[in-house]
Amino acid sequence: MMKSRSGGGANCKVERKTAEKYRRMHMKSLCDKLSSIIPKEHRTIAKDVLTQQDNFDQATSYIKTLRERIERLKQRKLMQTSRVRNDMTMRFPSPIVEVRHQDLNLEILLISDLNKRFMFREVVNVIEEEGAEVVNASFSIVGDKIYHTIHSQAVSSRIGLEASRVYKRLKDLIN
């Protein structure tokens, strides 16, 4: 069962022609789609007079314009972010020490810069020397700040805690 070469070749030729026709139609539809997304304000030549090469050139030019705009926006965002950080630094001098006292409980909030570190062990020692034991301690880093939260409780209900003394000692320690 041999097939003739001429019959198979003609069929193959028709398939190639059909495939090429569909490829060209697909490319034309993609070029039309590309042309439709370029804004009117960016066009230098009327849409109905555009050649395919003109269409590609305008699309390329538009993409370059968008990239430049993105870079300018990134720079502006970066400047605004640094300005906000500088404003925050001016508003919140670091380090910050807050001591809240309620009944036998003491809550301490310490905020410091990443580059201004202190020995956490020393903070715990101050709290314990003032008659409290640390119940819970945590920290988190947000931007360029470290936030420490320490919950403690008086060892003896009879002696209690003097929050102002804890505050002064912590302030001295951190500064």
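1. Burial in the predicted model. A residue is called buried when its relative accessible area is under 20%, exposed when that value is over 50%, and partly exposed in between. By this measure, buried residues make up 22% of the 175 residues in the chain. The structure discussed here is a predicted model, and the points below should be read with that in mind.

2. Confidence. The pLDDT of the chain averages 82, and 87% of the residues score at least 70. Confidence is highest in strand β3 (residues 132-142), with a value of 89, and lowest in helix α2 (residues 52-91), with a mean of 80.

3. Overall layout. The chain contains four helices and four strands. Followed along the sequence, these elements give the pattern α-α-β-β-α-β-β-α. Among the contacts with a separation of 6 or more, 51% are between residues 24 or more positions apart.

4. Helix α4: length. Helix α4 covers residues 163-174, which is 12 residues. The expected span is 1.5 Å times one less than the number of residues. For α4 this gives 16 Å, and the C-alpha atoms at its ends are 16 Å apart, so the expected and modelled values agree.

5. Helix α4: two faces. Which residues of α4 are buried? They are Ala-163, Val-166, Leu-170 and Ile-174. Viewed down the axis of α4, the buried residues lie within an arc of 60°, and they therefore line one face of the helix. Their cover includes β1 (96-102), β2 (105-113) and α3 (120-129). On the face turned away from the buried side, α4 carries the exposed residues Ser-164, Lys-168 and Asp-172.

6. Helix α3: the corresponding analysis. In α3, the buried residues are Val-123, Val-124, Val-126 and Ile-127. Seen down the axis of α3, they fall within an arc of 155°, so these residues too line one face of their helix. The buried residues of α3 pack against β2, β3, β4 and α4. Exposed residues Arg-121 and Glu-129 are carried on the face turned away from the buried side. After α3 comes Gly-131, which has a positive phi, near 95°.

7. A buried position in strand β4. Ile-150 is located in strand β4 (residues 145-154). Is Ile-150 buried or exposed? Its relative accessibility is 0%, and because the cut-off for burial is under 20%, Ile-150 counts as buried. Leaving aside residues up to four places away in sequence, the residues that Ile-150 touches include Leu-106, Ile-108 and Leu-110. The same list includes Phe-120, Val-123 and Ile-127; of these, Val-123 and Ile-127 are also among the buried residues of α3. Ile-150 further touches Val-134, Asn-136 and Ala-137. Although Ile-150 and Asn-136 are 14 residues apart along the chain, their C-alpha atoms are separated by 5.9 Å.

8. Salt bridges within helices. Side chains of opposite charge can pair when their charged atoms come close. The model has 10 salt bridges. One of them joins the side chains of Lys-28 and Asp-32, at 3.8 Å from N to O. These two residues are four residues apart in helix α1 (residues 5-37), which means that about one helical turn separates them. Asp-32 has a relative accessible area of 43%, so this residue is partly exposed. In helix α4, the side chains of Lys-168 and Asp-172 also meet in a salt bridge, at 3.2 Å from N to O. Lys-168 and Asp-172 are likewise four residues apart, and therefore about one helical turn from each other. Both Lys-168 and Asp-172 are exposed.

9. A salt bridge between distant parts of the chain. The side chains of Glu-130 and Arg-165 meet in a salt bridge of 3.0 Å, N to O. The pair links distant parts of the chain: Glu-130 belongs to the loop between α3 and β3, whereas Arg-165 belongs to helix α4, 35 residues apart. Glu-130 is buried, with a relative accessible area of 10%, while Arg-165 is partly exposed, at 45% relative accessibility. Salt bridges that share partners join Glu-129, Glu-130, Arg-165 and Arg-169 into one network.

10. Cysteines. How many disulfides does the model contain? The count comes to zero. Cys-12 counts as partly exposed, at 35% relative accessibility, whereas Cys-31 counts as buried, at 6%.

Key. Residues numbered from 1 in each chain as written. Heavy atoms only, no water. Buried < 20%, exposed > 50% of the residue type's maximum accessible area, 1.4 Å probe, protein only. Arc of directions from axis to C-beta. Contact = heavy atoms within 4.5 Å. pLDDT = per-residue confidence, 0-100. Disulfide = S-S within 2.5 Å. Salt bridge = Lys/Arg side-chain N within 4 Å of Asp/Glu carboxyl O.
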